[in-house]
Amino acid sequence: MRETFLCRGLPLMNKVDEKVRGKSRILVLDAEYSRVDEAVERILWAFPLDWKGKKVLLKPNLLGPYPPEKGITTHPSLIRSLVRALRGRGATCWVGDNPGMSGYAANERCARVSGILEAAEGAYVNLAKDPVEISGPSIPLGRLVVSRAVLEADLVVNLPKFKTHVQTRITGAVKNMFGILVGAEKARVHLSLPRPRQFSEALVDIYRIRVPDLTVMDAVVGMEGNGPSSRDLRSVGKILASPNGVSLDGLMAAMMGFSPESVDYLDIAGERGMGEIDPARMEIQGNWGPLANFRSPLPFISRGWVGTFLNRVLYRPLVKPRLRVRPELCRQCGVCVEHCPAKALSPGGIPRLEERKCISCYCCYELCPSQAMELTRWMRWASGGKK
């Protein structure tokens, strides 16, 4: 059963203000998946919270049914370690996400294939099972359907991956909370707000619905190039943690070699006072630096009126993201067709893209379980990426 929650902007903003008093604190730890327990204990010691008797939601990045070795979803070793550590502190743990693939059965399949279902050790909950509708002036599109558990949890631990994204340039703490939306809501937001800046505004607003109490980023193995579901993995060997996810994303952008202000959603969040995005003004404990020769996703055009002119006159006709299906990899499962919000893919057999309808949301690229969607040759050359 759905209820209507009226979300007023002020209480949500107060929660954000509470997390950004003083400098944004970030812990950067050297880590590997075989020794995650030590890192988790250091994080919980550095950022103490009252866990005892609390309902704690652990929100991983569960993009789709990808096994751990693909490096696309939050690694199960981090989930397992956190569940055990928090239970040891008297917390009741829930582990869950709403993958891009909609449907009750798809949710559990993604958790099983990714190894997160087993790693949760009985704590996995299907967040799609109990949706609730919220509405109000601070809610994108006026209303959204989110998972009830997100609103009812006493504490939320956000567990994003260190990855690039072809639409938003990076996908970290803020983008990971897009996963609180249930079912077709993600597609509705994509379709209703196709412009990058509009979509980024919505991401920040959705993040504010329930600001996480702690963010722990899996950066042991990251992703470069045309993420968030490409084959281009990058060994980073870190776990990053902070009470402020906006600041953590700012540091991630800097490690990738990007100016945080060049990422629309970080620029918006910074302007709203939701967190420091410049690492020079953060309190960072641990060793970090820009990753050498890190490959960015799709090329970005400069800002200002010159950039706007180039984007409208030259860039969009030439470099508007174009995708194709690799027939040798396609299993004709229909996932891309089912989840395309613009209905730009033809059903039956190998899907074909109708470019006139495409809104460049990359849902098909993100969700293809066989990674059969790829950028066309021009786009791969322009972005310096691989297949």
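Reader: Does Cys336 count as buried or exposed?
Author: This is a predicted model, in which local features need pLDDT of at least 70 and side-chain atom pairs count only at pLDDT 80 or more, while totals for chains, interfaces and linings use all residues. Residues are numbered from 1 along each chain as its sequence is written, and side-chain values use heavy atoms, leaving out hydrogens and water. Buried means under 20% relative accessible area, exposed over 50% and partly exposed in between, for a 1.4 Å probe and protein chains only. Because its relative accessibility is 13%, Cys336 counts as buried.

Reader: Thanks! Why is Cys333 not bonded to the closest cysteine sulfur?
Author: A disulfide is a pair of cysteine sulfur atoms within 2.5 Å, and by this rule the count comes to zero. Cys336 is in no disulfide either, with the nearest cysteine sulfur, that of Cys364, 6.4 Å away. For Cys333, the closest cysteine sulfur is in Cys368, and it is too far for a bond because the distance is 6.1 Å.

Reader: Which residues does Ser229 touch, beyond those up to four places away in sequence?
Author: Happy to walk you there: Ser229 sits in the loop between strand E10 (214–223) and strand E11 (233–242), where helices (H or I, at least four residues) and strands (E, at least two) are DSSP runs numbered from the N terminus. At 4% relative accessibility, Ser229 is buried. Counting contact as heavy atoms within 4.5 Å, Ser229 touches Leu63, Tyr66, Ile72, Met223, Tyr365, Glu366 and Gln371.

Reader: What do the buried residues of H11 pack against?
Author: Helix H11 spans residues 264–271, and six of its eight residues are buried. Those six are Asp264, Tyr265, Leu266, Asp267, Ile268 and Ala269. The buried residues pack against strand E9 (169–171), helix H7 (173–176), helix H9 (196–209) and helix H10 (245–255).

Reader: Which element gives the largest share of the lining of the second largest pocket?
Author: On a 1 Å grid over the protein atoms alone, a pocket is an open set of points where a 1.4 Å probe fits, with protein on both sides within 12 Å along at least five of seven lines; lining residues have an atom within 4 Å of a point. This pocket has a volume of about 440 Å³, and of its 32 lining residues the closest to its centre are Pro99, Gly100, Phe178, Lys186 and Glu366. Strand E8 (161–165), H7, helix H8 (185–192), helix H13 (335–339) and helix H14 (363–367) each supply at least two lining residues. The largest share, five residues, comes from H8.

Note on methods: Grid points are joined across faces, edges and corners, and a volume is the space filled by probe spheres set on the points.
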